[in-house]
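Visitor: I'd like a close look at one single part of this protein, with some context on how it sits in the rest. Could you pick one helix and walk me through it?

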Amino acid sequence: MVKIEVHIISKELIKPSSPTIQQKKPYKLSLIDQLNPTTYTPAIFFYPMNDASFNNITAKTRIDSLKKSLSETLNLYYPFSGRVKDNLFIDCFSEGVPFLEAQVNCRLSDYLKHHEVESLNHFLPCQPFTKENMNAPISAFQVSIFACGGISLGWSASHKLVDGGTAKAFLSAWASKSRGEHTEAPDFSKASLFFPPRNPLPQNHISLTETLWFTEGNYITRRFVFDPKAIAMLRAKAKAGKPDTKPSRAETLSCFIWKCCMAASKAISDSPKPSILVEAVNLRSRTKPPMSEASIGNIFWWATAVANPTDTNTELHELVNQLNEAIALYDSDYTRTMQGEEGFETMSDYCSQLEGLFSLEKPDIFAFTCWCYLGLTKANFGWGEPIWVGLMGKVGPAFRNLTVLIETKDGNGIEAWVTLDEERMAILERDPEFLAFASPNPKFSSL
């Protein structure tokens with residue numbers, strides 16, 4: 001396999017095409033936006049060149065179309081083009097979105113036979129999951145052209161504004177614009193209305209979220225694929241003793257990976273620390289009243305389950321029950337207590353409970369997020385859906401244990417992108433219980 005080389009050939013800033021964009025009021029951050037760090041979440045979409053008579057004009061046409069439709073989409077999603085000020089609002093909407101073009105020294109079909117996830121960072125405009133300055137761009141894009149005319153679109157989205165639901169809405173709008181179709185208008189008012197910002201925001205809350213997101217270590221990302229049969233077998237195990245329950249695919253895989261990570265912790269230490277699973281929960285449909293799916297901002301919070309690796313209650317069905325209860329909390333009146341000016345007290349109590357756990361002994365934290373509902377594998381800019389969606393290579397020097405679940409192209413399987421510290425990953429990759437269900441990093445795609 002030839003060494004992958006990706007050379008940046010141009011950089012520019014794409015700005016909203018409307019000249020009146022600067023007349024827009026600053027976008028007010030919500031409390032959850034304020035608590036989230038400025039760090040880039042990645043995604044990379046790979047598109048083959050379907051026309052056998054390819055020449056450079058076709059790739060250029062695609063890129064010009066992306067730039068034009070992005071500029072038009074930024075008229076609707078103008079905060080994406082701005083910069084964060086004082087962790088309170090976004091303005092300066094004519095600053096623009098970095099847009100890089102690059103050339104790759106191989107054919108897309110050859111690259112997709114690849115297995116090394118580290119190479120994926122070449123296709124991203126920013127280092128994934130690294131601490132950034134507060135005033136860093138909200139989004140950045142990189143289009144890389146393969147020797148065959150296939151392209152990749154790498155997206156780095158700042159978690160200061162963009163959660164899964166926001167990414168889904170923006171991506172859908174941009175793709176619709178690119179295809180010349182109607183685009184649904186986003187709702188920028190609800191997040192800060194339901195979760196009002198605080199000024200000043202208590203420093204201990206900021207420190208806690210920094211600790212949750214960033215801990216120094218040598219982190220490794222690996223990709224594991226769960227096929228439909230493996231998922232069905234694990235869901236059957238997760239229902240043990242409760243045949244009427246219907247654990248979701250995401251809940252089942254999250255708890256299975258958590259269980260195996262706890263086993264790795266036990267292998268490392270005779271007295272392992274308490275283990276915490278945090279799973280991102282989309283709050284849009286859970287607020288009172290429910291928000292539109294086009295509501296923009298960080299509108300999620302963490303469902304939390306705690307276990308001790310030395311206890312006996314770490315069977316898969318018991319962990320799934322715990323996670324189910326933690327998620328169900330957000331379907332109750334608890335979500336209402338998070339809303340409005342009084343909601344700050346609920347959020348503070350949540351932070352205080354975690355601070356209490358941290359003060360006793362630093363627990364192991366394993367974070368999970370499911371991207372299976374975001375439509376990433378369906379992102380069609382006018383030349384068909386991506387043949388594959390990748391995540392990232394190596395994260396920054398300070399991060400955390402995080403698993404991202406993305407559906408496979410056919411929608412039946414799930415890719416688990418697992419980031420762990422080096423020691424635990426070495427154990428997980430050799431764990432026979434884990435490998436009985438997970439296929440470690442098969443080739444990226446067949447083309």
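Guide: Here is a walk around helix α6, followed by its surroundings and the whole chain. Bear in mind that this is a predicted model, where local features need pLDDT of at least 70, side-chain atom pairs count only at pLDDT 80 or more, and totals for chains, interfaces and linings use all residues. Residues are numbered from 1 along each chain as its sequence is written, and side-chain values use heavy atoms, with hydrogens and water left out.

Helix α6 runs over residues 203-213, and its buried residues are His205, Leu208, Thr209, Leu212 and Trp213. Buried here means under 20% relative accessible area, with exposed over 50% and partly exposed in between (1.4 Å probe, protein chains only). Helices (H or I, at least four residues) and strands (E, at least two) are DSSP runs, numbered from the N terminus.

Which side do those buried residues take? They cover an arc of only 130° around the axis, so they sit on the same side of α6; the arc is that of the directions from the helix axis to the C-beta atoms. The general background is handy: an α-helix has 3.6 residues a turn, so residues three or four places apart point the same way.

Now for the neighbours. The buried residues of α6 pack against the helices α1 (31-35) and α11 (343-360), and also against β9 (215-216), β12 (300-307), β13 (364-370) and β15 (398-399). Contact means heavy atoms within 4.5 Å.

Just look at the loop between α5 (190-194) and α6, and you'll find proline 200. The peptide bond leading to proline 200 from asparagine 199 is cis, with omega near 5°. Another cis bond goes from lysine 288 to proline 289, with omega near -5°, and proline 289 is in the loop between β11 (275-282) and β12. Remember that β12 is one of the elements α6 packs against.

Stepping back, the protein chain has 13 helices and 18 strands. Its radius of gyration, taken over C-alpha atoms, is 22 Å, close to the 22 Å that the globule rule (2.2 Å times the number of residues to the power 0.38) gives for 447 residues, so the chain is as compact as a globular protein of that length. The C-alpha trace spans about 65 × 55 × 40 Å along its principal axes. Buried residues make up 57% of the 447 residues. And of the contacts between residues at least 6 apart in sequence, 80% join residues at least 24 apart.
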